[in-house]
Amino acid sequence: FIQVPVFGDEVTPAAVNGGISSFAFRGAPRCDGEGTVLLVPLDSNGATASRVVRIARTGRRTVVDLARVVEGAKAEFQIAAVSLDSAGTLHALVDLGDFARRPPRKLVAVSQDGTSLWEREVDESGIHVTDFAVLASGDVLLVGVEPQANAAVTALLYKGGGQGAVETLPGAQVARPLSVVSGPDGAFVVDDTNNRVMQIGGHNRVVRQFGLAPASPQARLIGAQISGTRIAALYADMTTPGEGVRRFVSLQSTEHGKALRTLGPFGKMVVCYAAPDERDEVTLLSTTRTGWMLIRGR
């Protein structure tokens, strides 16, 4: 492993106890093929999440406050999920914090310099969105829960505007949590509840599915990432007394669904998986009172 110091914009800690700063984050970390990491930090009140932290592979940290960028943002503005497309553009699912407004949530795209590129309203009458992925076409695949039936569903938010029909994922059992990733082989929904991965094809249809290879029966899914033809499911296991949180990365092939290997346990938060030169590379994040550090190894 090598250590890469993180420098640049400051981040407010979620709490300070006895002079020691602690940081907390909402949702799963995301990263792209260049090793850029996205995190959504919680503020000092432990709830407000209006900013996105972008950490470049070199360790440079930049912070974008989306509440200042998104039109219609109120005091209770929140970021629900984030992602990067193939060009490195930040996408975020946001709640405007306006309880009287319908629809109250948007999907926004923001350039690397913090400029809003576009905003689209999300129709959540048939899907409460929990995660999303930007497809190669520029359309966005939304994944979530149908509000009335509580079933796992998907929908497309089109690049040119408008939203497609909601499609129910096969299987009767409610799937939570769900994570979705998109790569060269298409989009894949990782369903931890039902131990499966579903590939979503054209017209928002499930074209195949294969078994999920969890790190252990006790580990819980944090999120998923994709690098080339490898799906990386990020897990946390807090069931071993005295060992704190143990983190794992479970790898599977997008081509045939075969389980490849499990990496870990790691004592720090896994923020990025990549496969340069077909070698597994994991990036961890250490946050201490002396500063942030990326810890990267193959």
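In this predicted model, S253 sits in strand β23, which covers residues 246-253. S253 is a buried residue, as its relative accessibility comes to just 3%. Once the neighbours within four places in sequence are set aside, S253 still touches F210, T229, K258 and L260. Of these partners, L260 belongs to the stretch 259-266 that makes up strand β24, and F210 to strand β20, residues 206-211.

Strand β24 also brings in a cis peptide bond. P265 is part of this strand, and the bond that joins G264 to P265 is cis, with omega at about 5 degrees. As a rule, most peptide bonds are trans, and most residues other than glycine have a negative phi. Two residues depart from the phi half of that pattern. N204, which is not a glycine, has a positive phi near 60 degrees, and E278, again not a glycine, has a positive phi of about 60 degrees. Both are loop residues: N204 falls between β19 (196-200) and β20 (206-211), while E278 falls between β25 (269-274) and β26. Their surroundings are another matter. N204 is buried at a relative accessible area of 6%, whereas E278 is exposed at 59%.

E278 turns up again among the charged pairs. Together with R230, R261 and D280 it is linked in a network of salt bridges. R261 of that network lies in the span of strand β24, residues 259-266. In total, the count of salt bridges comes to 13.

One of the bridges deserves a closer look. The side chains of E281 and R57 meet at 3.0 Å, N to O, in a salt bridge. E281 lies in strand β26 (residues 281-288) and R57 in the loop between β7 (51-55) and β8 (60-65), so this pair ties together parts that are 224 residues apart in sequence. The two ends differ in how much surface they show: E281 is buried at 4% relative accessibility, but R57 is partly exposed at 33%.

Two other bridges join residues whose numbers are easy to place on the strands. D65 pairs with R68, and the closest N and O atoms of the two are 3.7 Å apart. D65 belongs to strand β8 (60-65) and is partly exposed at 23% relative accessibility; its partner R68 is exposed, at 75%. In the other bridge, R246 pairs with D237 at 3.6 Å between the closest N and O atoms. R246 is in strand β23 (246-253), the strand that holds S253. D237, for its part, counts as buried at 2% relative accessibility.

A further long-range link involves P29. This proline is found in the loop between β4 (20-22) and β5 (30-31), and its relative accessibility of 4% makes it buried. The C-alpha atoms of P29 and A224 are separated by 8.7 Å, although the two residues are 195 positions apart along the chain. Beyond the neighbours within four places in sequence, P29 is in contact with L38, L39, Q225, L234, V270 and V271. V270 and V271 come from strand β25 (269-274).

Now for the chain overall. DSSP runs give zero helices and 27 strands. A compact globule of 298 residues would be expected to have a radius of gyration near 19 Å, and the chain, at 18 Å, agrees with that. Taken along the principal axes, a box of roughly 50 × 45 × 35 Å holds the C-alpha atoms. Buried residues account for 50% of the 298. Among contacts with a separation of 6 or more, 40% are between residues 24 or more positions apart.

As for the surface, the chain exposes about 13500 Å², of which carbon and sulfur atoms supply 49%. The charges come to 30 positive and 30 negative, and the mean positions of these two sets are 5 Å apart.

Key. Residues numbered from 1 in each chain as written. Predicted model: local features only at pLDDT ≥ 70, side-chain atom pairs only at ≥ 80, totals over all residues. Heavy atoms only, no water. Salt bridge = Lys/Arg side-chain N within 4 Å of Asp/Glu carboxyl O. Buried < 20%, exposed > 50% of the residue type's maximum accessible area, 1.4 Å probe, protein only. Rg over C-alpha atoms; globule rule 2.2 N^0.38 Å. Contact = heavy atoms within 4.5 Å. Areas by Shrake-Rupley, 256 points an atom, 1.4 Å probe, with all protein chains shown as cover. Lys, Arg positive; Asp, Glu negative; His and termini not counted. Charge placed at Lys NZ, Arg CZ, Asp CG, Glu CD.
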